[in-house]
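Me: Please take a close look at the nonpolar core of this structure, and describe in one connected account what surrounds it.

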Amino acid sequence: MKTVLLVEDDKNQLLLYKQELSQEGYNIITAQDGQEAMKRVNEQFPDLIVMDINMPKMSGIESMSKILEKHKKIPIIINTAYSSWKDNFMSWSADAYIIKSSDLTELKNKIKELIG
Amino acid sequence: MLPYIVKDKADNILNYVVGAFEGGFAILDKDLHILWANEKLADMLNIGYNPVGKICREVYRCECKDDTSCSVMQALSSGQKQVSETRLITEKGERRYVQNITTPLKDEHNNITHLLKFSIDITAQEEKIHQLSLLRKLAELTQGTLQIDKLLHLILTCVTAGSALGFNRARLFLVDKERDIIYGTMAVGPSSMEEATKIWSEIARKYEKLEDLIKASEDNYRDDTPLHMITRLMAYTLSDEKETLVKCIKTKKPILEKNAYSSPGMDRNFVTMIAANEFVCVPLVVKDEPIGVICADNYYSLKPITEDRVQLLSTFANHAALAIENADAYKKLGEKVRQLKDTQERLIRSERLAVIGNMAAYVAHEIRNPLVTIGGFARSILRASQQGDQAKQNAEIIVEEVNRLEKILANIMDFSKPVESVKVTSQINELLENTCSLMDPYFKNSRIELTRKFNSMIPGIVIDPTQIKQVFLNLIKNAVESMPGGGSLLLETSLEDEHIKINITDTGEGMTAEIMQNIFVPFFTTKVDGTGVGLAVSQKIIDDHGGYIKVKSSLQDGTTFSIYLPI
């Protein structure tokens, strides 16, 4: 079973993703900010990361670049309400950029595409 | 009783005195018959017959209102010497002002037997006074008008009004320093003898006061008279000093031409355009600077133009020039104020757009996150519930509503997103054509008949084609939506004042004035599912390109949006 790390500061949303992606057959681990995300990656080696950008303590962009320094091959999907980051080169190292929607089909398809 | 010889001498002396007297002299009997008159009286009254035997009033033709203003009647009733001033119209139709002094002659019983009437012609003095008060009145009238067109017409009306300066026709020429020319601006006067006769009799009948005449002529002002149109065609370069108008400008002195048709120095073309053998040109001078010329003639009455009239016209022209200068300054000021207001409005608008944009972005993001959660869980409920279940139906409604909100948010984010524009030289016609072919199926579905009128001469301009296309799409989509039962859509491109103008005209429902005022306000919409950002974004884009959008609309007839992009 593949492990997906969900990084999201909104508890309710995190719960939604956890429920939905579990149903898709993934092992879900979570983090609520950038720092916690780095800790989880180092301890549990997830197969993929779904990362929000606007978060307390450390932003998704910053934590993504730190994670990628050590774990170059881990696929990352940015999942954010902000469309403006899409044009920013800092986000280009992500494997996908998804604008948050209540319809999770796009997110699910992307994960499947990246890790099966 | 004087001895005969003395009486004879006295008669001689009396004759001498009477002969030397520069005025009319008459002896009347009690019934006001003229018993005797000197020769001067006939000259003064301009009568070609001997007045002796006639009644006083028949000969003098005084315009006395009643007996109290008649010196003869007053002298007769009071027994005292009486002085009066009166206006009269001679048999030949000339206006004269006369001072009459009437002295009653009495017998030994103090009964009046005869009346002595002296009359002096005071026309010249009266006219001077009349002219001065007229000039004051005209100056007041012209200084009170700041609208330049109205003022020019007023000036020419004063020149032609019989109760003012009384010329038959008048034309006004103004100097254009930038183009170094003097050009015909306006003309007032009848176009034919027939019209002239009609107008003058009408004027004499209707308008006693100058103010009334001016008011009426203002209401009847027409700029399609032949005289006006010919005058508008006249223009002369200021370097051509042989031209009469230019001469008048350069010398700053009036020119009275008595015989233009045979004068060798006259430019034939100018004479043809003026079409009068006798005319006068007076310069309009402000602070020693000539700004134009008034040209007047008596084309219909053929009345000779006297030096006196020229003088009066010149004095009037000085007042008129000052008034024109004032009105011109006022107009320029008005233009500047309007420009300033325009710029300010644009600034406020773009500032408002920026503030709204930032706020919208913030609100949109804050709302989007909880929406994801709400919608996401609703979908999850939807999947888990059974067909026909109340919960399934409810979840469906939530999902639907969330979808709607998310769509609106996406729109708002588009609006608030700062756009980096990429400007390249583009052909507007091509861009429009491109947009049309993109929308072709949409037109067919909506039963829209499309007409294109593209001006092939319009040059390429530097714009962001994606953004401008977005504007076209927005406006065309609005146009189509305003014609729910189908209709025709007209796309036109043209050149106008250094701008490319793109007209998008529909035959749709049109808008009320109230709606028109608000259409560019962000988030204002009249559509059920509209977000109110389409036109706001369009205007922002056109603003960013240094252009502007104008709208004309009338209910039922449809709407025209005009986009102006600078070349």
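Reply: Helices (DSSP runs of H or I, at least four residues) and strands (runs of E, at least two) are numbered from the N terminus. The model is predicted, so local features need pLDDT of at least 70 and side-chain atom pairs pLDDT 80 or more, while totals for chains, interfaces and linings use all residues. Residues are numbered from 1 along each chain as its sequence is written, and chains are lettered from A and ligands numbered from 1 in the order in which they are written.

Just after α10(B), B:Lys252 takes a positive phi of about 55°. Within α10(B), B:Thr244, B:Leu245, B:Val246, B:Cys248 and B:Ile249 are buried (20 or more other C-beta atoms, placed from the backbone, within 10 Å of their own).

The largest nonpolar core (buried Ala, Val, Leu, Ile, Met, Phe, Trp, Tyr and Cys residues joined through C-beta atoms within 7 Å) has 48 residues, and B:Val159, B:Val293, B:Ile294 and B:Leu313 have the most contacts inside it. Among the elements of chain B that give two or more residues to this core are α5 (123-143), α10 (244-251), β11 (289-297) and α12 (307-384). The most comes from α12(B), with nine residues. Not counting residues up to four places away in sequence, B:Leu313 touches (C-beta atoms within 7 Å) B:Val159, B:Leu165, B:Val280, B:Val282, B:Ile294 and B:Ala296. Another core, of 32 residues, lies apart from this one and includes A:Met51 and A:Leu107.

The contact between the chains takes 16 residues from chain B and 15 residues from chain A. On the side of chain B, α12(B) again gives the most, with 12 residues.

Note on methods
Buried ≥ 20, exposed ≤ 12 C-beta atoms within 10 Å, placed from the backbone. Contact = placed C-beta atoms within 7 Å.
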